Amino acid sequence: MKPRDRTPATQMAIGLFVIGIGLLFLLDNLGWVDLNFRMHLVPMVLIGAGILKVMQTRTQSGMVIGGVLIAAGCVVLLKQTGILDVDWRTLWPVLMIAAGVAVVYKSSINRSAMEKDGMSLEKAGDDSVVNVTAIMGGYKRRVTTPDFRGGEITTIMGGCDLDLRQSSINGDAVLTVFSMFGGITIKVPVDWNVVIDGTPIMGGFEEKTVPPSASGKRLILRGYVIMGGLEVRN
């Protein structure tokens, strides 16, 4: 799948989503509509996060994760509004099964891609491209490659610690990040330039690197942090 850059359409979708939420809050405060945002906030955040994930992902597994977030948000919203009459004891196992299906599908996609490219299991451990997913857990990895080319990191209610200090870049590398209720820490070599082109939503990006001399090595970080944080340091 080809990488997806941040396009004006993506930015427009974010803006329209924020405008829509703001208008609903305004109408509720004026008494024109009767909405319980404290009850509906979580499913709305899930739906919005899923839309952002689908629009910015670079992999098929990312599309699955975004779709699961959207589906989970819609089911919870329908449950809370009374349209869908499902007991919570039934709903939570269904959501867990959906998350498990997403993990299995992600694994099958990665295996199919390796078989299609003729990769052996030994070559499958190549660190030049990373594809990390951490859901309600932690992921810690050290990458040592002379040709790091980027990849994708997704954390949902979890964290990722990626150590790239023993790696190198030939030109530019693009790393797409998505963190929701979680955090990402990236450690880079001292001769890398870090360019952050992301959007924090009730979260933050923090760069603690020392600007190096002109080395021609750039790590470009793109993506979204929702109620979480991303830290880059060397």
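This is a guided tour of the structure, one selection at a time.

The model is predicted, so local features are taken only at pLDDT of at least 70 and side-chain atom pairs only at pLDDT 80 or more, while totals for chains, interfaces and linings use all residues. Residues are numbered from 1 along each chain as its sequence is written, and side-chain values use heavy atoms, with hydrogens and water left out.

**Stop 1: the open sheet**

Select β2, β4, β6, β10 and β8. These make an open sheet of 5 strands in the order β2-β4-β6-β10-β8, with parallel pairing. Because β2 (138-142) and β8 (204-208) stand at the edges with a single partner strand each, one side of each has no neighbour in the sheet. On average, neighbouring strands of this sheet are turned by 5 degrees against each other, direction ignored. Such angles, on a scale from 0 to 180 degrees between N-to-C directions, use axes that are lines fitted to C-alpha atoms, for helices over the stretch in contact. Strands (E, at least two residues) and helices (H or I, at least four) are DSSP runs numbered from the N terminus, and two strands pair if DSSP finds at least two bridges between them.

Zoom in on the edge at β2. This strand pairs with β4 (residues 159-163) in the parallel sense over 5 bridges. Select G138 and look across: its bridge partner in β4 is G159.

**Stop 2: β3 and its two partners**

Now select β3 (150-156). How many of the 7 residues of β3 are buried? The count is 7 of 7, where buried means under 20% relative accessible area, exposed means over 50%, and partly exposed lies in between (1.4 Å probe, protein chains only). Both faces are covered: G150, E152, T154 and I156 are buried on one side, and G151, I153 and T155 on the other.

Add strand β1 (residues 129-135), which runs parallel to β3 and is joined to it by 7 bridges. One place to look is V132, whose bridge partner in β3 is I153. Then add strand β5 (residues 172-180), which pairs with β3 in the parallel sense, also over 7 bridges. Here T155 has S179 in β5 as its bridge partner.

**Stop 3: two loops with positive phi**

Most residues other than glycine have a negative phi, and most peptide bonds are trans. Select M157, in the loop between β3 and β4. Its phi is near 55 degrees, a positive value in a residue other than glycine. M157 is partly exposed, with a relative accessible area of 48%.

Next select M227, in the loop between β9 (218-226) and β10. M227 is not a glycine, but its phi is positive, at about 50 degrees. With 27% relative accessibility, M227 counts as partly exposed.

**Stop 4: salt bridges**

Side chains of opposite charge can pair when their charged atoms come close. A salt bridge here is a side-chain nitrogen of Lys or Arg within 4 Å of a carboxyl oxygen of Asp or Glu. The whole structure holds 10 of them.

Begin with D163 and R165, whose side chains meet in a salt bridge at 2.8 Å, N to O. Is each partner buried or exposed, or in between? D163 is buried at 9% relative accessibility, and R165 is partly exposed at 45%.

Move to E231, which forms a salt bridge with K208, the closest N and O atoms being 3.2 Å apart. This pair links distant parts of the chain: E231 is in strand β10 (residues 229-233) and K208 in strand β8, 23 residues apart. K208 is partly exposed at 44% relative accessibility. E231 also forms a salt bridge with R233, with the closest N and O atoms 3.6 Å apart. R233 is partly exposed at 34% relative accessibility. Add E206 to the selection: salt bridges that share partners join E206, K208, E231 and R233 into one network.

**Stop 5: cysteines**

A disulfide is a covalent bond between the sulfur atoms of two cysteines. Counted as pairs of cysteine sulfur atoms within 2.5 Å, disulfides come to 0. Select C74, which is partly exposed at 31% relative accessibility, and then C160, which is buried at 4%.

**Stop 6: a nonpolar patch**

Finish with L26, in helix α1 (residues 8-30). L26 is partly exposed at 43% relative accessibility. Add I19, L23, L30 and W32: with L26 they form a nonpolar patch on the surface, with about 560 Å² of accessible area together. Patches are made of residues with over 30% relative accessible area and no salt bridge, with like charges joined within 9 Å and nonpolar side chains (Val, Leu, Ile, Met, Phe, Trp, Tyr) within 5 Å. Accessible areas come from the Shrake-Rupley method with a 1.4 Å probe, and for residues only the protein chains shown count as cover.
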